[in-house]
Amino acid sequence: MSQLSNPSLLLMRNEEELHADQVLVINANRDGFLSQLKQLNPNGDVHAFSYNIADHQAAEQYSGVLSSVDHSLPAIDDLDLIIYFYPKSKPEAMMMLDNIRAIATSKTRLLVVGHNKGGVKSVEKQLKPHAELFCKLDSAKHCVLYEFSELHLLTEFDIKHYKTEFTVTVGDLEFSAISLPGVFNHGKLDVGTKLLLENIEVPYKGSVLDFGCGAGLIATFMGSKQAALKLHCLDVNALALYATEQTLQLNGLSGELILSDGLNNVPGQYNLLISNPPFHTGIATDYGIADRFLSDSRQFLKSKGKIQIVANNFLKYPPILEQQFGTYTTLAKNTKFTVYQAEKN
């Protein structure tokens with residue numbers, strides 16, 4: 001069994017607080033906590049939820065844990081206890097706390113746990129006005145555990161209320177996009193993606209996979225330039241796919257949405273893989289996603305298919321591209337980012 005993370009250890013140290021008939025765990029770490037929680041509640045129902053399909057697939061491995069992945073929480077009757085692992089994004093937490101108050105009952109206890117570094121202390125300010133009872137239960141190993149009860153309930157939760165619309169300008173093309181809290185670079189076009197889009201030739205036809213699509217900015221740019229392209233948009237996060245769907249619709253485009261951890265759930269091959277590959281997971285930096293994407297990419301390209309990516313200059317992608325494709329070209333470079341292209345022979 002993998003080592004429990006510090007937030008999970010803090011929860012287990014307060015195991016008398018974890019007994020419940022119906023418990024929902026949001027954003028559980030992939031560390032065996034769900035399994036231990038189920039052992040504490042052999043006759044209770046343990047539900048797990050994440051926006052992230054990799055978290056969901058990890059949770060499904062545990063016997064007796066009912067897991068779901070979506071952009072909004074499932075309705076679960078008579079929830080006694082909700083355990084929320086606080087995320088890195090404060091706006092995402094605000095949205096989730098509203099969602100929690102829409103599915104909780106007057107009897108639901110809410111435990112919020114997280115790293116000091118990850119901003120968990122913000123939850124005091126965010127939730128105190130919406131709960132009658134609040135206390136700091138415990139703190140250790142740079143983590144804090146809070147309890148809230150008698151929450152002020154909301155009659156419904158509609159994710160549409162949390163959308164942000166913004167304008168994207170690349171060269172002579174301007175379009176509107178929709179984003180949500182917790183989606184990569186919420187509310188603006190990031191400089192890396194801008195450099196990528198300014199320096200590629202958009203193919204006039206064929207199928208394109210926007211890997212790690214975020215709010216769908218790359219796919220929308222491609223589809224707006226060339227209407228004949230078949231757009232496929234992949235992300236590990238259900239919020240991102242919802243944002244992408246909204247952005248495409250707003251611009252009169254459509255695409256196939258793929259919720260997938262890396263290229264695991266990808267059907268078929270493409271003429272172009274394009275990406276600003278993600279390399280952050282939680283508080284720590286994680287290059288594994290991008291490395292796996294580059295290492296696996298060749299098999300998902302048709303003959304003469306291309307891969308185009310933008311990356312921070314410090315990331316060591318050239319050796320992987322050389323290993324996979326033999327050679328690559330640098331389309332653009334500035335002080336921070338490089339745009340690479342490689343072709344499958």
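**Exercise 1. Describe how α9 and α10 are oriented to each other.**

Solution. The helices α9 and α10 are roughly parallel to each other, a label given to angles under 35 degrees, whereas over 145 counts as roughly antiparallel, 65 to 115 as roughly perpendicular and the rest as oblique. The model is a predicted one, in which local features need pLDDT of at least 70, side-chain atom pairs count only at pLDDT 80 or more, and totals for chains, interfaces and linings use all residues. Residues are numbered from 1 along each chain as its sequence is written, and side-chain values use heavy atoms, with hydrogens and water left out.

Step 1: locate α9 at residues 288-296 and α10 at residues 318-325, where helices (H or I, at least four residues) and strands (E, at least two) are DSSP runs numbered from the N terminus.

Step 2: take the angle between α9 and α10, which is about 20° with the axes 9 Å apart; axes are lines fitted to C-alpha atoms, for helices over the stretch in contact, and angles run from 0 to 180 degrees between N-to-C directions.

Step 3: list the contacts (heavy atoms within 4.5 Å), in which D291, L294 and S295 of α9 meet I320, L321 and Q324 of α10. By class, this contact has three nonpolar, two polar and one charged residues, given that Ala, Val, Leu, Ile, Met, Phe, Trp, Tyr, Cys and Pro count as nonpolar, Asp, Glu, Lys and Arg as charged, and the others, Gly among them, as polar.

**Exercise 2. Find which strands stand at the edges of the sheet that contains β16.**

Solution. Step 1: write the order of this open sheet of seven strands, β12-β11-β10-β13-β16-β18-β17, with mixed pairing; two strands pair if DSSP finds at least two bridges between them.

Step 2: look at the ends, where β12 (256-259) and β17 (329-333) each have a single partner strand, so one side of each is left without a neighbour in the sheet. From one strand to the next, the twist averages 15°.

**Exercise 3. Follow the partners of β16 and the helix that lies across this strand.**

Solution. Step 1: pair β16 with β13 in parallel through five bridges, one example being L273, whose bridge partner in β16 is I307.

Step 2: pair β16 with β18 (residues 337-343) in the antiparallel sense over seven bridges, where A311 has T338 in β18 as its bridge partner.

Step 3: add α9, which lies across β10, β13 (270-275) and β16 (301-312) and runs at about 155° to β16.
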